Amino acid sequence: MIWVKVLSKQELEREDFIETLKVDGKKICLVKNDGNYYATQHSCPHAGGVLSGGWCKNGNIVCPIHRYEYSLSTGRGAKGQGDYIDIYPTEIKEDGLYVGLKQSWIRKLFS
Ligand code: FES
């Protein structure tokens with residue numbers, strides 16, 4: 001796993017948000033909810049909705065298309081959905097926020 005800086009130290013002061021980020025051409029969904037950071041896969045496994053167009057509710061991210069919900073901590077879908085999303089680890093370091101991604105994702109950055 002490689003840690004990629006996604007927010008500067010100054011950007012850590014922002015209010016809660018949900019947005020799409022590109023890391024080496026791949027999209028992820030970055031969330032700040034109740035002051036905590038989460039990184040998830042970009043699209044909803046149900047039918048491809050863009051998760052960054054959704055909102056947060058009770059620790060879940062809600063897809064804007066059919067309102068399926070996924071835990072921001074575990075990625076697990078709400079009861080009865082039977083699905084999940086990928087969650088990537090986040091860590092605040094001295095100079096900003098980092099997301100841990102599989103090395104194969106960002107091969108180009110370091111080759
Ligand atoms: S596309 Fe996300 S809930 Fe259907």
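T40 counts as buried in this predicted model, because its relative accessibility is 0%, which falls under the 20% limit for that class. The residue has its place in strand β4, and, once residues up to four places away in sequence are left out, T40 touches I28, C29, L51, L72, I85, D86, I87 and Y88. Two of these contacts, I28 and C29, lead on to the nonpolar cores described below, since I28 is among the residues with the most contacts inside the largest core, whereas C29 belongs to another core.

**Nonpolar cores**

- The largest nonpolar core has 16 residues, and those with the most contacts inside it are V6, L7, I28, L30, L97 and V99.
- At least two residues of this core are supplied by each of β1 (2-8), β2 (17-23), β3 (26-33), β4 (36-41) and β10, and the largest share, 4 residues, comes from β1.
- Apart from this core lies another one, made up of 10 residues, including C29, Y38, C44 and L51.
- In soluble globular proteins, nonpolar side chains tend to be buried together.
- L7, one of the residues with the most contacts inside the largest core, is in contact with L12, R14, F17, L30, Y37, D95, G96 and L97 when its neighbours within four places in sequence are set aside.

**The β9 and β10 hairpin**

- Strand β9, covering residues 90-93, pairs with strand β10, covering residues 96-101, in the antiparallel sense over 4 bridges.
- The two strands β9 and β10 form a hairpin that leaves 2 residues between them.
- Within this pairing, T90 has V99 of β10 as its bridge partner, and V99 is also listed among the residues with the most contacts inside the largest nonpolar core.

**Charges over rings and aromatic pairing**

- The charged end of R14, a residue in contact with L7, sits over the ring of F17 at 3.9 Å from its centre.
- K93 lies over the face of Y98, with a distance of 4.7 Å from the ring centre.
- As for pairs between aromatic rings, the structure holds 1.

**Cysteines**

- C44, which is among the residues of the 10-residue core, counts as buried because its relative accessibility is 5%.
- C63 is likewise buried, because its relative accessible area is 2%.
- The structure holds 0 disulfides.

Note on methods:
Residues numbered from 1 in each chain as written. Predicted model: local features only at pLDDT ≥ 70, side-chain atom pairs only at ≥ 80, totals over all residues. Heavy atoms only, no water. Phe/Tyr/Trp six-rings, centres within 6.5 Å; stacked < 30°, edge-to-face > 60°. Lys NZ or Arg CZ within 6 Å of the ring centre and 35° of its normal. Pairing = 2+ DSSP bridges. Disulfide = S-S within 2.5 Å. Buried < 20%, exposed > 50% of the residue type's maximum accessible area, 1.4 Å probe, protein only. Core = buried A, V, L, I, M, F, W, Y, C linked by side-chain atoms within 4.5 Å. Contact = heavy atoms within 4.5 Å.
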